[in-house]
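Here are some notes to keep beside you as you look around this model for the first time. Take the points in order, with the view open.

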Amino acid sequence: MRRIRANAIAILTVAWILGTFYYLWQDNKPQSSPSSSASQTRGRGHGQKVVSGRLEIHRDDRTIPLIVTQPPRAEGQSQLLGGLDEKAYLAGKQLKPGDDPYRDHAFNLQESDRLGSERAIRDTRHYRCASLNYDADLPSTSIIITFHNEARSTLLRTIKSVLMRSPPSLIQEIILIDDFSSDPEDCQLLSQIPKVRCLRNGRREGLIRSRVRGANTASASILTFLDSHCEVNTDWLQPMIQRVKEDHTRVVSPIIDVISLDNFAYLAASADLRGGFDWSLHFKWEQIPIEQKMARSDPTQPIRTPVIAGGIFVMDKSWFNHLGQYDTHMDIWGGENFELSFRVWMCGGSLEILPCSRVGHVFRKRHPYDFPEGNALTYIKNTRRAAEVWMDEYKQYYYSARPSAQGKAFGSIADRLTLRRKLNCKPFRWYMENVYPELRYSTLTELIFKATFIPLWGSSAITNPNTGSLSLLLSPRYCYLALLCFSQNVCCATSPT
């Protein structure tokens with residue numbers, strides 16, 4: 001029996017390695033892209049040329065962008081910023097000598113201030129993205145940015161990157177929602193920039209209710225939600241608006257590049273990732289399943305994702321309203337991305353990540369602001385609301401993975417349950433089977449390997465959250481588990497002698 005298991009493992013390993021090499025070979029082989037809604041044109045020849053402020057190299061039918069755009073020339077600065085005195089705005093909040101540059105914002109404020117409000121960044125897209133064309137009559141969008149005590153240099157750099165790297169016709173307005181920051185002028189002064197509007201909350205509301213306020217105020221038919229510590233990359237907006245224009249039920253997100261919280265270096269993120277989560281409703285980036293990688297003949301194609309990170313996405317305003325906007329009984333931050341993602345998928349929409357749209361984001365290791373009820377309790381409340389409304393019988397696995405959530409108050413969900421019935425949404429079992437079937441396998445692996453190197457006495461059993469049919473027999477000693485799962489949903493665990 002052990003020899004059969006060993007042979008099965010060896011065969012699966014070899015198949016996986018061969019499949020990976022085949023995928024990489026296909027991706028690197030020159031080929032014409034299949035027809036799509038965004039028609040492609042291809043430059044040919046060798047040598048170099050400069051196109052729209054970007055140095056490009058043509059080599060074997062490939063276009064490799066090296067630099068996105070240069071900062072605007074001096075004569076364009078006054079037109080870009082309108083009546084804003086940029087130097088005075090930034091000088092109003094300078095780091096004092098001896099202060100901890102990480103204290104107030106959880107990133108290196110000194111380095112952010114040193115960079116100023118704009119810089120050239122590398123085009124991190126796949127080379128084929130540069131040859132895509134988009135409709136000339138794309139609708140404009142309202143960009144909604146919420147913030148609480150954001151660093152002025154980071155906030156202004158976010159806004160200027162949008163104005164510098166977006167077609168002016170696509171920017172209807174930039175709506176800033178100041179969530180009761182300590183200094184009202186952080187937002188008010190920025191309203192001198194053309195197309196920028198400033199709304200200030202009279203009390204701390206949090207990301208969720210602030211975004212709803214911004215969406216209700218927006219005048220464009222397309223909503224773009226953006227964090228306040230971002231830098232958008234070249235042609236970031238057109239791919240997302242194109243996809244939403246073609247199907248208003250799509251909710252699309254860019255690939256989110258990393259801006260270092262220490263030195264603000266702009267680092268390219270992998271284009272083979274999608275959003276995922278575990279049963280505790282903890283978001284994570286994960287590799288696209290191998291079968292989806294094998295099926296992708298064009299690296300510019302959208303990536304289906306079970307959930308989005310939630311900080312940056314584009315959505316049709318009427319669809320946002322039809323689906324019930326956000327759950328405004330959630331507080332401050334956290335869990336709203338799961339609630340929105342479940343609702344979109346289960347109520348007739350879809351979620352995509354677009355490889356040809358790139359936005360850099362400062363990922364921080366801690367929250368620089370306070371939660372009225374504490375970070376942990378707020379997150380539990382928000383995720384418990386999502387689980388109770390959308391996860392049906394699967395919510396028991398949320399409580400198993402997060403036992404501290406049991407008994408915690410989460411408020412009334414009657415209005416959200418009524419909304420779900422009104423929208424005639426599918427059950428969570430459909431989501432598990434059609435959108436995120438990989439969750440059960442990743443969950444089983446996590447549960448089993450959490451048992452590695454712990455004392456086990458007598459026989460033990462573990463149940464498959466999806467079938468209820470999985471059992472494990474464990475020897476009465478310290479075990480190192482060697483696992484092989486068969487198609488019959490039976491996993492055999494052995495312990496070395």
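1. Let's begin with a pair of helices. H12 passes H14 in a right-handed crossing. Please keep in mind throughout that this is a predicted model.

2. How far apart are the axes of H12 and H14, and at what angle do they pack? The axes are 10 Å apart, and the angle is about 40 degrees. That makes H12 oblique to H14, because an angle counts as roughly parallel under 35 degrees.

3. Now zoom in on the residues that touch. From H12 come Arg385, Glu388, Val389 and Trp390, and they meet Asp415, Arg416, Leu417 and Arg420 of H14. Sorted by class, this contact of H12 with H14 has five charged residues, three nonpolar ones and no polar ones.

4. Just beside this spot you can look for Ile413. This residue belongs to the loop that runs between helix H13 (395-401) and helix H14 (414-423). Is Ile413 buried or exposed? Ile413 has a relative accessible area of 11%, and it counts as buried because that value falls under 20%. Setting aside neighbours within four places in sequence, the contacts of Ile413 are Arg385, Glu388 and Val389. These three names also appear on the H12 side of the contact with H14. Val389 lies 24 residues from Ile413 along the chain, and their C-alpha atoms are separated by 7.0 Å.

5. H12 (residues 375-390) also meets helix H11 (residues 336-346), with axes that come within 9 Å and cross at roughly 15 degrees. That makes H11 roughly parallel to H12, and H11 passes H12 in a left-handed crossing. In this contact, H11 offers Phe338, Glu339, Phe342, Arg343 and Met346, while H12 offers Tyr379, Ala386 and Trp390. The residues here divide into six nonpolar, two charged and no polar. Trp390 is worth finding in your viewer: it is listed in the contact with H11 and in the contact with H14.

6. Next, please move to helix H8 (residues 237-246). Why can H8 be called largely enclosed by the rest of the structure? Eight of its 10 residues are buried, so the description fits. The buried residues are Leu237, Gln238, Pro239, Met240, Ile241, Gln242, Arg243 and Val244. What covers them includes several strands, among them E4 (141-147), E5 (171-178), E9 (250-259) and E15 (350-362). Strands E7 (222-226) and E14 (313-316) are also part of that cover.

7. Another residue to visit is Ala220, which sits in the loop between helix H7 (207-217) and E7. Ala220 has a relative accessible area of 5% and is buried. Neighbours within four places in sequence aside, Ala220 is in contact with Ser140, Thr141, Ser142, Gln172, Glu173 and Lys317. Ile171 is 49 residues away from Ala220 in sequence, with a C-alpha to C-alpha separation of 9.0 Å.

8. Finally, step back to the protein chain. Its secondary structure comes to 16 helices and 17 strands. Of its 497 residues, 51% count as buried. Among contacts with a separation of 6 or more, 74% are between residues 24 or more positions apart. The chain exposes about 22,800 Å², and carbon and sulfur atoms supply 55% of that area.

Definitions and conventions
Residues numbered from 1 in each chain as written. Predicted model: local features only at pLDDT ≥ 70, side-chain atom pairs only at ≥ 80, totals over all residues. Heavy atoms only, no water. Helix = DSSP H or I, 4+ residues; strand = E, 2+ residues; numbered from the N terminus. Buried < 20%, exposed > 50% of the residue type's maximum accessible area, 1.4 Å probe, protein only. Contact = heavy atoms within 4.5 Å. Axes fitted to C-alpha atoms, helices over the stretch in contact; angles between N-to-C directions. Parallel < 35°, antiparallel > 145°, perpendicular 65-115°, else oblique. Left-handed = near helix turned anticlockwise from the far one by under 90°. Nonpolar A, V, L, I, M, F, W, Y, C, P; charged D, E, K, R; others polar. Areas by Shrake-Rupley, 256 points an atom, 1.4 Å probe, with all protein chains shown as cover.
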